[in-house]
Amino acid sequence: MSPIRTGIDLHTHSTASDGTALPDELVRQASAAGLTVLALTDHDTFAGIDAAAAALPVGAMLVPGVEISCVALEGERRIGLHLLGYLPDRVDGPLVEALDRMRQARAQRAVRVVEALRADGYEQVTHELVAEMAAGAPVGRPHLASALVQVGLAKDFDEAFGPAWLGPGARYRVPKQDLPVLEAVALVRAAGGVPVFAHPGAHRRGPTVSDETVAAMVGAGLLGLEVDHTDHDPATRAHLTGLAADLDLVTTGSSDFHGTRKPVRLGDESTSPAALERLLSLSPHQPLVA
Ligand code: AMP
Ligand code: ZN
Ligand code: FE
Ligand code: FE
């Protein structure tokens, strides 16, 4: 955990993706936690931004963002990774269209997972139940995990994300169509956004990309690294800090808050005021204030 809490948290999720707090609740919880700057970065959607902005108290700032599911190729290996995009055009353009396609791919993946479960006799898992868990949000594995827990097939979330169900290499781990990461970086830049590599060293989630891939992302327009994240140990943070200095990247820290779906709390990790200032200076767009 970062030693200093700055009240600047640049990576959070709401019910518009796989968080458990409504966007307006999230903004209220952020204020209660002492945050003055919050970025909403739901998976592959901007759907929660307007509701979050409408709930902003006077003096608080909302940085509109998104977390994009990407894939990098390293030789024969396909490695999943997440890209944060801050302050991009959210109304139309190639990024908005790419996100539309990704949400469709999420829906198709959910159908395939449910069909695979039902074909194996787990007929208590229905499309309706998964739709209920997602409640209109782009369907993520956390929604599928909630469905597995709800019907009693998995005893808890960890088991649902384990080897029997949705974990790496598991039978019901169906890949979805993620965006090639260099394309995603370029799309965010073309939309006037600031691309920041989310949790670049989160080994716990599966394999991570090499420093050479990070350099290639910089070549495509990457502007920052999320250094302080609960999934990073001290050695990983030190390495990423050095890499960011070598590549002249902004460094951020954030909670990656998911409400009650993860133990981390708002503001547990944070970004320095200087890094925020630099990040904001890299987009032609303004953050939202009440
Ligand atoms: P998806 O993008 O739909 O495949 O789901 C990925 C999301 O699942 C991540 O963004 C995390 O929020 C969540 N997730 C991945 N692994 C785990 C895990 N082991 N336990 C809990 N949540 C996880
Ligand atoms: Zn998530
Ligand atoms: Fe992520
Ligand atoms: Fe996230």
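Begin by selecting the iron ion (ligand 4), which in this predicted model is coordinated by H11 (NE2), H13 (NE2), E67 (OE) and D256 (OD) at 2.1 to 2.3 Å; donors here are N, O and S atoms within 2.8 Å of the metal (3.2 Å for Na, K and Ca), and since water is not among the atoms, sites may look incomplete. Residues are numbered from 1 along each chain as its sequence is written, while chains are lettered from A and ligands numbered from 1 in the order in which they are written. Local features need pLDDT of at least 70 and side-chain atom pairs count only at pLDDT 80 or more, whereas totals for chains, interfaces and linings use all residues, and side-chain values use heavy atoms, with hydrogens and water left out.

Keep the iron ion (ligand 4) in view and display the angles between its donors: the 4 donor atoms subtend 76 to 165°, and the arrangement is therefore irregular. That label applies to whatever is neither tetrahedral (four donors, all angles between 85 and 135 degrees) nor square planar or octahedral (four or six donors respectively, opposite ones over 155 degrees apart and all others between 65 and 115). Along the chain, the donors of the iron ion (ligand 4) follow the spacing H-x1-H-x53-E-x188-D. The pair E67 and D256 links distant parts of the chain, 189 residues apart, with E67 in strand β3 (residues 61-74) and D256 in the loop between β8 and α10; helices (H or I, at least four residues) and strands (E, at least two) are DSSP runs numbered from the N terminus. Both E67 and D256 are buried, where buried means under 20% relative accessible area, exposed over 50%, and partly exposed in between (1.4 Å probe, protein chains only). Adding the zinc ion (ligand 2) to the selection shows a separation of 4.5 Å from the iron ion (ligand 4).

Next, turn to the salt bridges (a side-chain nitrogen of Lys or Arg within 4 Å of a carboxyl oxygen of Asp or Glu), of which the whole structure holds 11. Select R106 and D44, whose closest N and O atoms are 2.8 Å apart; R106 lies in helix α3 (residues 94-119) and D44 in the loop between β2 (37-40) and α2 (49-54), 62 residues apart. R106 is buried, at 5% relative accessible area, and D44 is buried at 0%.

Then select E269 and R237, which meet in a salt bridge at 3.0 Å, N to O, and which are both buried.

Finish at E159 and K155, where the closest N and O atoms of the salt bridge are 3.4 Å apart; E159 is partly exposed at 30%, whereas K155 is exposed at 65%.
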